[in-house]
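Here is a short set of exercises to work through with the model open in your viewer. Try each task before you read its solution.

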Amino acid sequence: MAQASDTAQPQTPPRRDNTATVTGTNRLKALSHPTRLRILTVMSDTEPVTVGQIAEQLGESAGTVSYHLKQLEKAGFVTQTPSPDGDNRRSCWLAAQSRLEINADAAVDSAMATTMDQVSSTFRQEAWQRYRSASDNLPKQWTDPTVTSSSVLRLTSEEYARMSQELRELFNTWTSRDLAHEEGDGSQPVMLNIDAFRWLP
């Protein structure tokens, strides 16, 4: 009698880490608009998305999304790609990286570093406002774990350095989990933001 095979089904391999660190002034300039950062968060470096899909997720017009994609393309952050179904009428795009690390402090142009600080602040604030507006309609498992904490601490320089290192390690631990997930596996985007700097009253 034939026996059922107990061979394990092949597992989907985790996505490769294709992180891009952005330091150059020209590339930073291409990111100096919160909408462009939002566009990149809904794009993948493996699965093409259309202008219409991006526009629907962001609540923006297709024209606005197309304009910002062209600016991102010039800087090498996205590429236009043929539609998987062969429909040449669809404008499909891929991200050139799986994740961005923006280091505006390394920019030669101090004005650009200031601009990116402002853009990043606006990006985070608008993200928080969108969450707060929608939180009453989100499932509890996606609202109960929400954490927002802020405190001014008195530390020695050695304690400050140790705390910062521990926070970096914690940040890296959880950002690496991103590569283990894909659309449809029950995961959802979660914003993680860590700041630690010398407080000046």
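**Exercise 1. The sheet**

Task: In this predicted model, work out the strand order of the open sheet and the sense of its pairing.

Solution.
- Step 1. Start with one pair: β2 (residues 49–50) and β4 are antiparallel partners joined over 2 bridges. Within this pair, T50 has C92 as its bridge partner, and V49 stands opposite W93.
- Step 2. Take the other pair: β3 (residues 78–81) and β4 are also linked in the antiparallel sense, over 4 bridges. Here T79 has L94 as its bridge partner.
- Step 3. Put the pairs together, and the open sheet of 3 strands reads β2-β4-β3, with antiparallel pairing.
- Step 4. Look at the edges: β2 and β3 each have a single partner strand, so one side of each lacks a neighbour in the sheet.

**Exercise 2. The two faces of β4**

Task: Sort the residues of strand β4 (residues 92–95) by the way they point, and decide whether they are buried or exposed.

Solution.
- Step 1. Recall the general rule: side chains in a regular strand alternate between the two faces of the sheet.
- Step 2. Apply it: C92 and L94 point one way, while W93 and A95 point the other way.
- Step 3. Check accessibility, with under 20% relative accessible area as the cut-off for buried. All of these β4 residues are buried.

**Exercise 3. The nonpolar core**

Task: Find which residues have the most contacts inside the largest nonpolar core, and which elements give two or more residues to it.

Solution.
- Step 1. The largest nonpolar core holds 25 residues, and those with the most contacts inside it are L31, I39, M43, I54, L69, F77 and V78.
- Step 2. Two or more residues of this core come from each of α1 (25–30), α2, α3 (51–58), α4 (62–74), β4 and α5 (110–134).
- Step 3. Zoom in on V78: beyond its neighbours within four places in sequence, V78 is in contact with L40, M43, L69, L72, E73, W93, L94, A95 and A96.

**Exercise 4. How covered is α2?**

Task: Determine how many residues of α2 are buried, and what covers them.

Solution.
- Step 1. Count: 7 of the 8 residues in α2 are buried, so the helix is mostly covered. The buried ones are P34, T35, R36, L37, R38, I39 and L40.
- Step 2. List the cover: among the elements over these buried residues are α1, α3, α4, β3, β5 (99–102) and α5.
- Step 3. Try T35, which is found in this helix. T35 counts as buried because its relative accessible area is 10%. Leaving aside residues within four places in sequence, T35 contacts L58, E60 and H68.
- Step 4. Try R36, another residue of α2. R36 is buried too, with a relative accessible area of 10%. Not counting residues up to four places away, R36 touches K29, A30, Y67, H68, Q71 and L72. The C-alpha atoms of R36 and Y67 are 9.7 Å apart, although 31 residues separate the two along the chain.

**Exercise 5. Packing of α2 against α5**

Task: Describe how α2 and α5 pack, giving the angle and the distance between their axes.

Solution.
- Step 1. The angle is about 60 degrees, and the axes lie 9 Å apart. The crossing is right-handed.
- Step 2. Name the residues that meet: P34, L37, R38 and T41 from α2, and V119, T122, F123, E126 and R130 from α5.
- Step 3. Classify this contact: its residues divide into 4 nonpolar, 2 polar and 3 charged.

**Exercise 6. V51 and its surroundings**

Task: Say where V51 lies and which residues V51 touches.

Solution.
- Step 1. V51 belongs to helix α3 and, at 8% relative accessibility, counts as buried.
- Step 2. Not counting residues up to four places away in sequence, V51 touches A62, V65, S66, L69, S91 and W93.
- Step 3. Compare sequence with space: V51 and R90 are 39 residues apart in sequence and 8.1 Å apart from C-alpha to C-alpha.

**Exercise 7. The whole chain**

Task: Summarise the protein by its elements, its burial and the range of its contacts.

Solution.
- Step 1. There are 6 helices and 5 strands, in the sequence pattern β-α-α-β-α-α-β-β-β-α-α.
- Step 2. Of the 201 residues, 26% are buried.
- Step 3. Among contacts with a separation of 6 or more, 65% join residues 24 or more positions apart.

Definitions and conventions. Residues numbered from 1 in each chain as written. Predicted model: local features only at pLDDT ≥ 70, side-chain atom pairs only at ≥ 80, totals over all residues. Heavy atoms only, no water. Buried < 20%, exposed > 50% of the residue type's maximum accessible area, 1.4 Å probe, protein only. Pairing = 2+ DSSP bridges. Contact = heavy atoms within 4.5 Å. Core = buried A, V, L, I, M, F, W, Y, C linked by side-chain atoms within 4.5 Å. Axes fitted to C-alpha atoms, helices over the stretch in contact; angles between N-to-C directions. Left-handed = near helix turned anticlockwise from the far one by under 90°. Nonpolar A, V, L, I, M, F, W, Y, C, P; charged D, E, K, R; others polar.
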